[in-house]
Structures are given as C-alpha cells and as structure tokens.
Amino acid sequence: MSFNKEYLGEFHEAMKRRAGFPLRLNKASVDNNYIGWSCFGRKGFKLFVSMHQDDDWICVNFGIDSRDQKHHFTTLLEKRVEIEKNIGKELYWELKGNEISNTQAKLTNYNVNIRNRDLWVGQHAWILEHLEKMYFAFKPHVDRLVTD
C-alpha cells in the first residue's frame, strides 16, 4: 500500500468518527497526496487537504477554479480579516494567472513528522479542525458572491 493511500485512508477513518462533521466522505482515490471537496454548492469552489511526506507538511486549502476566479478571489480577499478571525489563523492567500486551482487561500502546518504513524491522530485532528473552520468561514462569503 502506498504511503499516501495509508495516510489519507486513516484520515478518512478519523473523518468518519467526527460527529457532525459538515463535509461528506469523499470517495475519490487516495493514491494522490490530496483529497478535494466541491462543498459550497457552487461550481469551482473547493476545499482540499494535502500532505507531503518528504517535506513533512500538511495543508488545508480553499481553492477557486471558475472562470471568474480572479474577481471572486479579490472579493473574498476583501473579507480576509473576518475570514481569518473565524478560522483563528492567518492564511496564505495566493492569486496566480489563470491556472486551475492556483487561486487559493491555505493554511499549512510544517515540520509535522508525517512519517511517524504515532503522530497521525494529532495531525488528522488538526486537519479536521481547520477544514471545518475553513468551511464555515468561507461558506457565507461564497454564498454571497455574484457571477459576472
């Protein structure tokens, strides 16, 4: 079994045990180093969880890949203070060209020693906590966005 499949498979199990979690279990392959959800009821707005075993980081990411991504990103960036207050952490906001999924706001936890299985429970708890906070922090703002 690949490392990614094992790590993210255990993450899925932690997600199943989390009572009242707002996102549905994603049936997508866990062979990659990420899992994504189209969870805002609007095309192009997603949350992702990713990890990198060689560089020891885990990440929760809000991404936009719609045709209006620059406009939407700029509108959401104007709400940055409120969004980050609701998450309880500063996010890294990144707007790049027209590349799909490169317009994003993310929160990364570095130096997590991802290869140590004994630490996975804490890492998965961190991911779930921040995934849920990002969902609730972005949801009302995404709901109010107008498509040009």
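This short presentation covers the overall fold of the chain, then helix 2, helix 3 and the packing of helix 3 against helix 4.

Good morning, colleagues. Please bear in mind throughout that this is a predicted model.

I begin with the chain as a whole. The model contains 4 helices and 5 strands, and their order along the sequence is α-β-β-β-α-α-β-β-α. The chain has 148 residues, of which 44% count as buried. Among contacts with a separation of 6 or more, 60% are between residues 24 or more positions apart. One pair distant in sequence is E13 and H124: 111 residues separate them along the chain, yet their C-alpha atoms are 9.6 Å apart in space. E13 belongs to helix 1, residues 3-17. Is E13 buried, exposed or partly exposed? Its relative accessible area is 33%, so E13 is partly exposed.

I turn now to helix 2, which spans residues 69-77. Its buried residues are Q69, H72, F73 and L76. Because these four cover an arc of only 100° around the axis, they lie on the same side of helix 2. What does this buried set pack against? Its partners are three strands from elsewhere in the sequence order, namely strand 2 (45-52), strand 3 (57-64) and strand 5 (103-110), together with strand 4 (92-94), helix 3 (80-87) and helix 4 (120-144).

Helix 3 can be described in a similar way. Here I83, E84 and I87 are buried. Their arc around the axis is only 95°, and therefore they share the same side of helix 3. The face turned away from that buried side carries V81 and K85, both exposed. The buried residues of helix 3 pack against helix 2, strand 4 and helix 4. Just after the helix, G88 adopts a positive phi of about 85°.

Finally, I consider helix 3 together with helix 4. Two packed helices are described by the angle between their axes and the distance between those axes. For helix 3 and helix 4, the angle is about 150° and the axes are 8 Å apart. Since angles over 145 degrees count as roughly antiparallel, the two helices are roughly antiparallel to each other. Their crossing is right-handed. Which residues make the contact? Helix 3 contributes E82, I83, N86 and I87, while helix 4 contributes K133, M134, A137, F138 and H141. By class, these residues comprise 5 nonpolar, 2 polar and 2 charged. I83 and I87 thus appear both among the buried residues of helix 3 and in its contact with helix 4.

Thank you for your attention.

Key:
Residues numbered from 1 in each chain as written. Predicted model: local features only at pLDDT ≥ 70, side-chain atom pairs only at ≥ 80, totals over all residues. Heavy atoms only, no water. Buried < 20%, exposed > 50% of the residue type's maximum accessible area, 1.4 Å probe, protein only. Arc of directions from axis to C-beta. Contact = heavy atoms within 4.5 Å. Axes fitted to C-alpha atoms, helices over the stretch in contact; angles between N-to-C directions. Parallel < 35°, antiparallel > 145°, perpendicular 65-115°, else oblique. Left-handed = near helix turned anticlockwise from the far one by under 90°. Nonpolar A, V, L, I, M, F, W, Y, C, P; charged D, E, K, R; others polar.
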